[in-house]
Amino acid sequence: MPSAADLAAKGADALSSSQYAEAIRLYTEAIAQSPTAVDYYIKRSTAYGRDKKYDEALRDAEQALFLARSRGKRELIGQAQMRRGITLFLMDRFADAEFILDRAKAILPNEKTIPIWEAKAKTGLAKNPGQDIAVEEYVTEPIQPTEAQQSAFTDSAASSTSPSATATAPAPSTPAVPPAPQKVRHEWYQTPTAVNLTFFAKGIPADKVSVRFEPTTFSISFPLANGSDYIYDIDPLGGKVDAESSSYKVMSTKIEIKLAKATGGQQWTTLEGAEVLPDPKASVHAYPTSSRTGPKNWETLSTNLDSATGPDAESTGDTALNELFQTLYKDADEDTRKAMIKSYTESGGTKLSTNWSEVGKEYQAPTPPEGMEARKWS
């Protein structure tokens with residue numbers, strides 16, 4: 001029988017391939033085995049949302065929030081709140097969405113997609129005035145599954161237990177407690193030809209490491225000493241890779257990953273879902289910048305506002321960042337635009353500020369996500 005981690009990995013594949021019904025089925029089976037796994041509920045909520053089953057998506061997001069708070073995991077609380085806010089937006093509950101997304105941003109200040117959804121919620125609320133906040137900040141009781149969800153859960157649980165095993169195995173006196181999650185430190189840096197990742201984990205059997213390279217996605221999974229499975233996936237990557245030329249090496253104390261860049265010489269501003277900086281030699285109108293990576297074509301981002309994706313689309317990667325820049329940049333004054341350019345370019349894409357009185361005073365140092373470190377590109 002596949003483990004919960006295997007089922008979740010297959011669910012992630014189905015979700016990235018837009019096979020939402022299959023992703024929902026796989027995550028449901030994973031939840032049947034690990035009913036307190038917060039990430040499984042968040043991912044199934046994402047699948048429900050993309051399949052336009054918003055009631056189910058909201059239930060899963062709120063159950064994830066309840067479980068995350070029960071475990072006291074701040075980052076998981078933020079992720080659950082973000083998924084909850086996005087789902088409320090998709091349900092046209094704009095006031096609720098803005099309120100919950102603001103709570104998520106307070107926990108995850110470096111999550112770049114939250115301001116995008118906040119801007120969408122503000123726009124939706126402006127077009128639909130009169131909405132009041134009707135949602136509580138937190139969920140205090142476990143969420144009851146819908147009848148369809150309960151039926152699928154029961155089927156999954158039944159299929160994982162054979163009749164003979166049911167007849168002979170004694171009922172457990174207490175529910176099994178999943179192992180506590182074990183953190184794995186990782187870092188990355190880049191060269192002109194590759195992006196290199198290192199996962200610091202000791203004694204991992206090479207034959208138990210599963211790595212998948214795709215042009216715009218990457219995933220790795222391996223067992224940990226405490227019996228749990230570590231899964232790390234990026235979808236989309238910060239740029240395109242040459243999957244066939246990419247490789248990995250399992251060592252006694254770490255796992256090294258080499259993501260070969262599809263186009264040599266391009267600098268990735270971030271590891272996950274950010275645009276690649278344009279060629280500084282390109283003939284575009286460029287504003288003055290102190291960034292070592294060269295000027296950025298902000299005019300193109302501004303003039304492309306009208307062609308942005310619709311309000312129901314879940315934007316990610318380049319599209320998401322473009323929408324944020326377009327929304328903020330279009331009607332900004334000159335000081336605001338200078339602040340945006342300076343903060344974004346100097347920080348390597350990790351900051352975006354509109355306050356020139358603060359940004360203009362000092363260098364804006366990069367602030368990479370937790371678990372990563374900023375390195376100079378050469």
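Me: Along strand β5 (residues 229-234), which side chains point to one face and are buried?
Reply: The side chains of β5 alternate between two faces. Asp229, Ile231 and Asp233 point to the other face and are not buried, where buried means under 20% relative accessible area, exposed over 50% and partly exposed in between (1.4 Å probe, protein chains only). The buried face therefore holds, by that definition, Tyr230, Tyr232 and Ile234.

Me: What kind of model is this, and what pLDDT do local features need?
Reply: Residues are numbered from 1 along each chain as its sequence is written, and side-chain values use heavy atoms, with hydrogens and water left out. The model is predicted: totals for chains, interfaces and linings use all residues, side-chain atom pairs count only at pLDDT 80 or more, and local features need pLDDT of at least 70.

Me: How many helices and strands does the protein have?
Reply: Both kinds of element are DSSP runs, numbered from the N terminus: helices are H or I with at least four residues, and strands are E with at least two. Counted in this way, the protein has 13 helices and seven strands.

Me: What share of the residues of the protein counts as buried?
Reply: The protein has 378 residues. Of these, the buried share is 42%.

Me: Which residue of β5 stands opposite Ser221?
Reply: β4 and β5 pair in the antiparallel sense over six bridges; two strands pair if DSSP finds at least two bridges between them. Strands of a sheet pair through backbone hydrogen bonds, either parallel or antiparallel. Opposite Ser221 in β5 stands Ile231.

Me: Is Ser219 buried or exposed?
Reply: Ser219 lies in strand β4 (residues 218-223). Leaving aside its neighbours within four places in sequence, Ser219 is in contact (heavy atoms within 4.5 Å) with Ser210, Val211, Arg212, Tyr232 and Asp233. Its relative accessible area is 16%, so Ser219 is buried.

Me: Which strands are the edges of the open sheet of four strands?
Reply: The order of this sheet is β1-β2-β7-β6, with antiparallel pairing. An edge strand pairs on one side only. The edges are β1 and β6 (247-250).

Me: By how much are neighbouring strands of the open sheet turned against each other on average?
Reply: The sheet in question has the order β1-β2-β7-β6. Direction is ignored here, and the average turn between neighbouring strands is 15°.

Me: Which residue is the bridge partner of Asn196 in β7?
Reply: Strand β2 (residues 194-200) has six of its seven residues buried. On one side, six bridges join strand β1 (residues 185-190) to β2, and the partner of Tyr189 in β2 is Asn196. β2 also pairs with strand β7 (residues 255-260) in the antiparallel sense over six bridges. In β7, the partner of Asn196 is Lys258.

Me: How many residues does the hairpin use to join β1 to β2?
Reply: β1 and β2 run antiparallel. Arg185 stands opposite Phe200 in β2. The hairpin joins the two strands through three residues.

Me: Which residue in β7 is the bridge partner of Tyr248?
Reply: β6 and β7 run antiparallel and are joined by four bridges. Within β7, the partner of Tyr248 is Ile257.

Me: How are helices α3 and α5 oriented to each other, roughly parallel or roughly antiparallel?
Reply: Helix α3 (residues 38-50) and helix α5 (residues 74-90) pack with their axes 10 Å apart, at an angle of about 15°. Axes are lines fitted to C-alpha atoms, for helices over the stretch in contact, and angles run from 0 to 180 degrees between N-to-C directions. Angles under 35 degrees count as roughly parallel, over 145 as roughly antiparallel, 65 to 115 as roughly perpendicular and the rest as oblique. α3 and α5 are therefore roughly parallel.

Me: How are α5 and α6 oriented to each other, roughly parallel or roughly antiparallel?
Reply: α5 and helix α6 (residues 94-107) have their axes 8 Å apart. Their packing angle is about 160°. α5 and α6 are therefore roughly antiparallel.
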